[in-house]
There are 2 protein chains.
Amino acid sequence: MRYAVIMAGGVGSRFWPASTPEMPKQFLSFFSSQSLLQQTVERIKPIIPTDRIFIVTNANYAAIIKEQLPSLPIENILCEPQAKNTAPCVLLATKKIALIDPDASVAVLPADHYISQPDVYLDVLNAAFEHAEQKGMLTTIGIQPHRVEMGYGYIKYQKNNLASTGNELTTSVYKVDAFTEKPNYDKAKQFIAEGNYLWNSGMFIWSNKVIQKAFEDYAPAMFSVAASTLNKSEDFVTGATGITQFFAQVESISIDYAIMEKAESVSVLPGVFGWNDVGSWQAVYELELEKDAAANATNVPLDAIDAKGNLVRLHNRGKKVALLGVEGLAIIETEDTLMIAKLERSQDVKQFGHS
Amino acid sequence: MRYAVIMAGGVGSRFWPASTPEMPKQFLSFFSSQSLLQQTVERIKPIIPTDRIFIVTNANYAAIIKEQLPSLPIENILCEPQAKNTAPCVLLATKKIALIDPDASVAVLPADHYISQPDVYLDVLNAAFEHAEQKGMLTTIGIQPHRVEMGYGYIKYQKNNLASTGNELTTSVYKVDAFTEKPNYDKAKQFIAEGNYLWNSGMFIWSNKVIQKAFEDYAPAMFSVAASTLNKSEDFVTGATGITQFFAQVESISIDYAIMEKAESVSVLPGVFGWNDVGSWQAVYELELEKDAAANATNVPLDAIDAKGNLVRLHNRGKKVALLGVEGLAIIETEDTLMIAKLERSQDVKQFGHS
């Protein structure tokens with residue numbers, strides 16, 4: 001059976017003041033009445049029912065998740081007692097699912113991305129499942145780059161299409177050559193020019209047995225801690241000795257570093273389905289479809305004179321906003337804070353969260 | 001005895017959204033806990049006690065004035081039943097004071113200007129009173145221009161100093177040659193270059209008998225309406241037949257047009273006392289002395305990154321403001337409206353008030 005593990009433990013401050021450590025990005029609604037987490041669940045529901053969806057998160061967020069996903073079984077919320085990056089989270093969920101279904105295949109997905117073409121996305125995800133199940137390979141979905149971007153890691157792949165060599169897939173599948181770090185501008189430009197590079201989206205699909213074997217091979221210490229702490233379903237309950245011991249003893253490391261970069265045989269499927277990691281207020285502005293004639297996007301009544309390209313997001317929907325002669329601003333108001341930032345500087349708003 | 005008449009009927013929208021028709025500029029506090037009206041009264045109190053100060057206003061503002069000036073006798077608030085510009089207001093107050101003190105001298109003053117050197121101002125005002133009382137001339141105070149300004153009327157004066165011809169005044173006094181309209185840029189530049197031009201501040205000082213004679217000579221129709229409607233103190237009570245008839249019958253005209261431009265013998269005293277008509281949010285920004293190292297002026301806690309020269313005025317003093325990469329903005333929030341405007345465009349905010 002197919003399962004999904006949604007990673008929802010992020011504490012990002014890129015959407016300050018709307019996002020806070022108490023209410024990070026994945027629980028916020030940007031272009032929809034649904035939060036990014038809710039959208040992530042809705043998106044995969046046609047192929048994976050909620051009882052086979054697991055959420056790995058911080059214990060502080062369990063209440064928000066229960067509220068946002070009332071149909072999710074409570075035991076499907078796995079709470080990390082401390083943040084140890086993504087590899088321990090993945091192994092935790094892997095062990096949990098292994099107890100339920102030894103023959104599971106699993107998609108590990110971020111909770112806070114936006115996808116404008118969910119149907120196309122599901123086709124790619126289904127193809128990735130089929131490939132992972134048939135070939136027993138660690139599989140990832142890479143995003144076809146459409147600009148020179150220094151903010152993401154890249155996946156280099158070998159140009160011969162695995163899908164053309166005898167299987168039934170309609171989607172191309174390539175063998176991964178290397179996972180690379182975030183490049184500088186020249187390197188990013190070169191990657192795009194070479195053509196066989198994709199953005200690393202953090203979406204992984206594999207047979208649950210194959211990823212366990214990969215942990216055993218490439219992260220043996222962590223695997224062995226898991227073997228001695230995570231054996232029965234009670235070990236996964238929030239605050240239990242098993243999960244607590246596991247997180248106390250393992251190193252903090254990403255799944256990319258711990259497994260993907262070391263594994264010999266990884267496959268990648270290129271995806272073109274309107275993916276956006278919604279990394280800043282500027283991304284929110286760009287993704288917003290409802291804009292007025294002067295390209296202002298607002299969630300409250302707006303009176304604009306010579307004002308264009310502004311994003312207005314107010315907590316109090318009853319308030320009116322008037323703009324005169326201003327351009328390219330993010331105007332964000334929460335209950336207790338008003339932020340006004342140049343949209344082009346919006347990646348710097350996290351500095352406010354630390355002050 | 002000396003009296004003051006403060007013109008406080010303005011309904012200006014230059015401080016939208018803080019100013020509204022219900023609460024115009026003269027009742028707002030900008031650089032002080034006191035409103036501009038309260039400051040105007042405080043400024044002249046050393047020479048004119050409140051029982052000799054009259055306020056001409058719109059009936060809608062009577063309650064605000066009572067609240068802001070609790071020591072003012074209620075009968076000193078004169079309420080226009082309709083707006084007919086300044087000449088009828090002046091004549092109304094003139095007639096009211098004539099009933100109380102036939103030998104009064106009167107200063108007519110705007111309610112909404114700021115003066116940074118009130119002591120110097122009082123010296124000039126005293127000199128103007130002395131001159132008006134001794135010479136029986138209509139007298140005005142002109143502001144020494146310090147920039148090419150197209151937004152004010154100018155007063156041209158004859159260069160021989162009347163004060164040097166035998167009287168006791170320490171302040172220069174000149175004979176007015178002409179009152180001029182707001183000039184274009186070239187004309188304003190020429191006025192400054194010529195040297196014998198002052199800004200028309202709308203402050204007038206005269207013997208109450210002399211101004212009555214001037215109305216009789218230059219505005220005989222209005223004078224005659226007043227003679228038949230405003231004869232006893234009951235005629236001045238809000239809603240009384242006298243005052244209602246008077247305003248219904250007189251034409252709408254400014255004191256400048258009706259009297260000052262026609263009068264043969266008008267004197268002017270140049271004033272240099274830190275006068276500012278506080279005509280826009282930009283003026284408020286410039287007059288504000290308390291600014292941070294990046295020249296931001298705020299009335300709430302401000303966290304600024306690469307943000308300078310901004311004016312922040314929030315109704316809710318408990319709210320925090322964060323600014324990133326923005327410059328020269330007026331950020332004004334009332335209970336129900338947030339306005340963000342380029343300070344240099346702030347003379348245009350009145351457009352919002354009309355929409």
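# Salt bridges, cysteines and burial

Trainee: What makes the meeting of the side chains of B:Lys25 and B:Asp112 a salt bridge?

Mentor: The N to O distance between the side chains of B:Lys25 and B:Asp112 is 3.4 Å. A salt bridge requires a side-chain nitrogen of Lys or Arg within 4 Å of a carboxyl oxygen of Asp or Glu, so the pair qualifies. Before we proceed, note that the model is predicted, that local features need pLDDT of at least 70 and side-chain atom pairs pLDDT 80 or more, whereas totals for chains, interfaces and linings use all residues, and that side-chain values rest on heavy atoms, with hydrogens and water left out. Residues are numbered from 1 along each chain as its sequence is written, with chains lettered from A and ligands numbered from 1 in the order in which they are written.

Trainee: Where do B:Lys25 and B:Asp112 lie in chain B?

Mentor: B:Lys25 is in the loop between β1 (2–7) and α1 (36–44), and B:Asp112 is in the loop between β4 (105–110) and β5 (114–115). The two residues are 87 residues apart, and the pair links distant parts of the chain. Helices (H or I, at least four residues) and strands (E, at least two) are DSSP runs, numbered from the N terminus.

Trainee: Are B:Lys25 and B:Asp112 buried or exposed?

Mentor: Both B:Lys25 and B:Asp112 are buried. Buried means under 20% relative accessible area, exposed means over 50%, and partly exposed lies in between (1.4 Å probe, protein chains only).

Trainee: How many salt bridges does the rule give over all chains, and which one joins B:Arg345 to another residue?

Mentor: The count is 26 over all chains. In one of them, the side chain of B:Arg345 meets that of A:Asp306 at 2.8 Å, N to O. B:Arg345 lies in the loop between β17 (337–342) and α11 (350–353) of chain B, and A:Asp306 lies in the loop between β13 (302–305) and β14 (311–314) of chain A, so this pair joins two chains.

Trainee: Why is B:Arg345 called partly exposed, and why is A:Asp306 called exposed?

Mentor: B:Arg345 has 21% relative accessibility, which falls between the two cut-offs, so the residue counts as partly exposed. A:Asp306 has 53%, which is over the upper cut-off, so this residue is exposed.

Trainee: How do you know that A:Lys319 forms a salt bridge with A:Glu333?

Mentor: Their closest N and O atoms are 3.5 Å apart, and that value is within the cut-off, so the pair is accepted. A:Lys319 sits in the loop between β14 and β15 (320–324) of chain A, and A:Glu333 sits in strand β16 (residues 329–333), 14 residues apart. A:Lys319 is buried at 6% relative accessibility, and A:Glu333 is buried at 4%.

Trainee: Which residues are joined into one network by salt bridges that share partners?

Mentor: The network consists of A:Lys319, A:Glu333, B:Lys319 and B:Glu333.

Trainee: Why does A:Cys79 form no disulfide?

Mentor: A disulfide is a pair of cysteine sulfur atoms within 2.5 Å. The closest cysteine sulfur to that of A:Cys79 is in A:Cys89, at 11 Å, which is too far for a bond. In chain B, the sulfur of B:Cys79 is likewise 11 Å from its closest partner, in B:Cys89, and is too far for a bond. Over all chains the search finds zero disulfides. A:Cys79 is buried, with a relative accessible area of 4%, and B:Cys79 is buried at 4%.

Trainee: What makes B:Thr229 buried, and which backbone oxygen does its side chain reach?

Mentor: B:Thr229 has 8% relative accessibility, which is under the lower cut-off, so the residue counts as buried. B:Thr229 is placed in helix α7 (residues 220–229) of chain B, and its side chain reaches the backbone oxygen of B:Val225 at 2.8 Å. Apart from neighbours within four places in sequence, B:Thr229 is in contact (heavy atoms within 4.5 Å) with B:Asp235, B:Gly242, B:Gln245 and B:Phe246.

Trainee: What places A:Ser254 among the buried residues, and what does A:Ser254 touch?

Mentor: Its relative accessible area is 11%, which is under the lower cut-off, so A:Ser254 is buried. A:Ser254 is in the loop between α8 (241–249) and α9 (255–260) of chain A. Leaving aside neighbours within four places in sequence, A:Ser254 is in contact with A:Asn85, A:Thr86 and A:Ala87. Its side chain also reaches the backbone nitrogen of A:Tyr257 at 3.1 Å.

Note on methods. A polar contact is a pair of N or O atoms within 3.5 Å; within protein, one must be able to donate a hydrogen and the other to accept it, and residues adjacent in sequence count only if both atoms are side-chain atoms.
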